[in-house]
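Colleague: Before I use these coordinates, I would like to go through the labels attached to them and hear the reasoning behind each. Could you show me the model first?

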Protein chains: 2
Amino acid sequence: MTDPLSPGSTIGILGGGQLGRMLSVAAARLGMKTCVFEPGGDCPAAHVANYHLRADYTDEAALRRFADSVDVITYEFENIPTSALDLLEPLKPIRPGREALRVSQDRLTEKDFLTGLGLQTAPYADILTAESLTQAIEEIGTPAILKTRRFGYDGKGQARIMSPDEASAALATLEGAPAILEGFVEFTSEISIIAARGLDGSVACYDPGENVHREGILRTTTVPATLPAPARTDAVLLAAKILNALDYVGVMGVELFVTPAGLVVNEIAPRVHNSGHWTQNGCVVDQFEQHIRAVAGWPLGDGSRHADVVMENLIGADVERVADLASETGVAVHLYGKAEIKAGRKMGHICRVAS
Amino acid sequence: MTDPLSPGSTIGILGGGQLGRMLSVAAARLGMKTCVFEPGGDCPAAHVANYHLRADYTDEAALRRFADSVDVITYEFENIPTSALDLLEPLKPIRPGREALRVSQDRLTEKDFLTGLGLQTAPYADILTAESLTQAIEEIGTPAILKTRRFGYDGKGQARIMSPDEASAALATLEGAPAILEGFVEFTSEISIIAARGLDGSVACYDPGENVHREGILRTTTVPATLPAPARTDAVLLAAKILNALDYVGVMGVELFVTPAGLVVNEIAPRVHNSGHWTQNGCVVDQFEQHIRAVAGWPLGDGSRHADVVMENLIGADVERVADLASETGVAVHLYGKAEIKAGRKMGHICRVAS
């Protein structure tokens, strides 16, 4: 299938969180329907999707029904079980494709892929045993971060090692999961670039945003980022290199460290990205619609930035401030419909738009 | 109920067309759920609503179930059967209130209301018989338009009378429906003002847009309108006067003729309005969210305009141009998910945003 999907087609979305919710709304804007595959019940995406197929990722009959009812399959998180993808792949196109998932599901594979493209990453080493950790610390030094190779997000599955004597305790917290040691990168700022690649191979990037994390969770993204013009160009070229190498179709988030020695790739996410939420109020076509356009084989849309925006995540009890925030000039509110407030849970975000 | 609705509350929407669709998306953005009451099946609003209660407006049990499942009731069209409203009114707040519906459901009542506020309208007369039509034509002159008092939209239920001898044929087309004769207004342009009034009585207006109709159907709305500054102020004051007089809560569309003798009110619509669709790409908070904010008792949002926009309706086969339109710079596409293309049917719209 290489023809663009017609209005009225159905986009299948694996995962029912807030990213699926905002993808669903974007698909509706283009006249398309959505079917969300998500084991959980009252999930954010189901509120706005045409269909919610509630089943586990191991339910083969449900996965087949899902494939039958959609025209193309995309996803809102990268840790989809391989068995589910193996079943779906021959039935309907999966966009972005398997290679992007294979690379980004494993931190070691991802780092090898990125360095193989000639891009800079943090120094890293594969950790198989306590001995290899000791050796890696000798080479990379401390502080360093020990991370599980798979299934980490928002700072989970990570342990800092400030000095070599903390190594064994850090390794113990990972409970035997395959791991990677990453050296610290001295950066002046963290930015991310949200890039899209269409089915025709065309690439479009949004303006880089500057990120502030706290406790491993993104707090704010500010556009424009404080960034010299050459770094801006480097970021775009680098993102295009990654997307082209993967024959990628869809939107990708690329997190970068800005350092005196140039841009260092922190990680890539083969999906719409929290640091791209500012596009909802800063561009004619936001990252969610851009992703839907790409996976549906439509032309990429106009992602040029028309305003300065600060995106601020509402995490846990932050959402209780929403009444006050809603009355501020230039503030756009985006809530995710999550029933229960939990510490560390992303409940929504706001965009402060400069007039 | 005067406290603002919390995220997680449910907005009941009477009517399942494209306005209900875009209201539903706006409610989701504020973390609210929606229940759409609509007799039709695969309707535009149901695609993005949490619940679709499919039942007729005469189904009393269904109306009661609807009221039970929502926190506030609003609507996307003004011709809701009175019996349904009578049943719902004691059960849950209806916003905008009954008075706005009573006035706007009947062209004669509406004209009497507007002139009673000291506002200018086209010359008009109540038409009860062929004799009263003859007399009205003598007073008002020709050309004039004979309109049904109720249930007209997009040019339906109207007959032009270019000369007195066309009177009886025109009257016959209305098949005995109560009617009103309206004189022609010599205008330099048609504009509309989209105004909102919160539960606290605060009023906010969007920039007036300039409308072009063809065959009784809105084709384009352009902001900014070509309009002298005093007329802009007049439009805002006039809209506020109407909203305050009705103790209105929600968004209203007010269509105006610009004439050398000042602004003449064409008609009012107690709901979000086609001529306000440009706000989706021209403002931080669009008319749909503004309406949801108002009916939910939230503070009104920032509706200041950040871009020049031309909104263009995609009517009937226009929608087949969507692939080309989607690839144009600065074009935002909004489709309504209607399965079948019909002549005169609003299938979607685009906003051309000036950079």
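**Labels and the values behind them**

Modeller: Let me start in chain B, where B:Pro224 sits in the loop between strand 13 (217-223) and helix 8 (229-245) of chain B. The peptide bond that joins B:Val223 and B:Pro224 is cis, with omega about 0 degrees. Please keep in mind throughout that this is a predicted model.

Colleague: Which other peptide bond, the one leading to B:Pro143, is cis, and what is its omega?

Modeller: The bond from B:Thr142 to B:Pro143 is cis, its omega being near -5 degrees. B:Pro143 belongs to the loop between helix 6 (130-140) and strand 7 of chain B. Such bonds deserve a remark because most peptide bonds are trans.

Colleague: What makes the phi of B:Glu175 worth flagging?

Modeller: B:Glu175 is not a glycine, and yet its phi is positive, about 50 degrees. The flag is raised because most residues other than glycine have a negative phi. B:Glu175 lies in the loop between helix 7 (167-173) and strand 9 (179-183) of chain B, and its relative accessible area of 74% is over the 50% cut-off, so B:Glu175 is called exposed. B:Asp247 likewise has a positive phi, near 45 degrees, in a residue other than glycine. The loop between helix 8 and strand 14 (250-259) of chain B holds B:Asp247, which at 55% relative accessible area is exposed.

Colleague: How do you know that A:Asp42 and B:Lys33 form a salt bridge?

Modeller: The closest N and O atoms of A:Asp42 and B:Lys33 are 3.5 Å apart, and the rule asks for a Lys or Arg side-chain nitrogen within 4 Å of a carboxyl oxygen of Asp or Glu, so the pair qualifies. The structure holds 42 salt bridges over all chains. A:Asp42 lies in the loop between strand 2 (33-37) and strand 3 (51-53) of chain A, while B:Lys33 is in strand 2 (residues 33-37) of chain B, so this pair joins two chains.

Colleague: Why is B:Lys33 called buried, and why is A:Asp42 called partly exposed?

Modeller: B:Lys33 has a relative accessible area of 15%, which is under the 20% limit, so B:Lys33 counts as buried. A:Asp42, at 45%, falls between 20% and 50% and is therefore partly exposed.

Colleague: What else describes the contact between chain A and chain B?

Modeller: The contact takes 35 residues from chain A and 35 residues from chain B. Between them the two chains bury about 2,600 Å², with 60% of it on carbon and sulfur atoms. On the side of chain A, A:Arg29, A:His47 and A:Val284 lose the most area to chain B, together 18% of what that side buries. Across the interface the rule finds two salt bridges, and eight residue pairs are in polar contact, with both residues at pLDDT 80 or more. Helix 1 (18-29), helix 11 (322-326) and strand 17 (331-335) of chain A each supply at least two residues of the side that touches chain B, and strand 17 gives the largest share, five residues.

Colleague: What does the salt bridge between B:Asp106 and B:Arg149 tie together?

Modeller: The side chains of B:Asp106 and B:Arg149 meet at 2.8 Å, N to O. B:Asp106 lies in the loop between helix 4 (98-104) and helix 5 (107-116) of chain B and B:Arg149 in the loop between strand 7 (144-148) and strand 8 (158-161), so the pair ties together parts that are 43 residues apart in sequence. B:Asp106 is buried, with a relative accessible area of 8%.

Colleague: What makes A:His291 a buried residue?

Modeller: The relative accessible area of A:His291 is 0%, which is under 20%, so A:His291 is buried. A:His291 is found in helix 10 (residues 287-295) of chain A. Leaving aside residues up to four places away in sequence, A:His291 touches residues including A:Leu23, A:Thr74 and A:Val272. A polar atom of the A:His291 side chain lies 2.9 Å from the backbone nitrogen of A:Val251.

Colleague: How does the span of helix 8 of chain A compare with what is expected?

Modeller: Helix 8 (residues 229-245) of chain A has 17 residues and reaches 25 Å from its first C-alpha to its last, close to the 24 Å expected at 1.5 Å a residue. Its buried residues include A:Ala231, A:Leu238 and A:Ile242.

Methods: Residues numbered from 1 in each chain as written. Chains lettered and ligands numbered in written order. Predicted model: local features only at pLDDT ≥ 70, side-chain atom pairs only at ≥ 80, totals over all residues. Heavy atoms only, no water. Contact = heavy atoms within 4.5 Å. Buried area = accessible area lost by both parts, 1.4 Å probe. Polar contact = N/O pair within 3.5 Å; in protein donor to acceptor, adjacent residues only side chain to side chain. Helix = DSSP H or I, 4+ residues; strand = E, 2+ residues; numbered from the N terminus. Buried < 20%, exposed > 50% of the residue type's maximum accessible area, 1.4 Å probe, protein only. Expected span 1.5 Å × (residues − 1).
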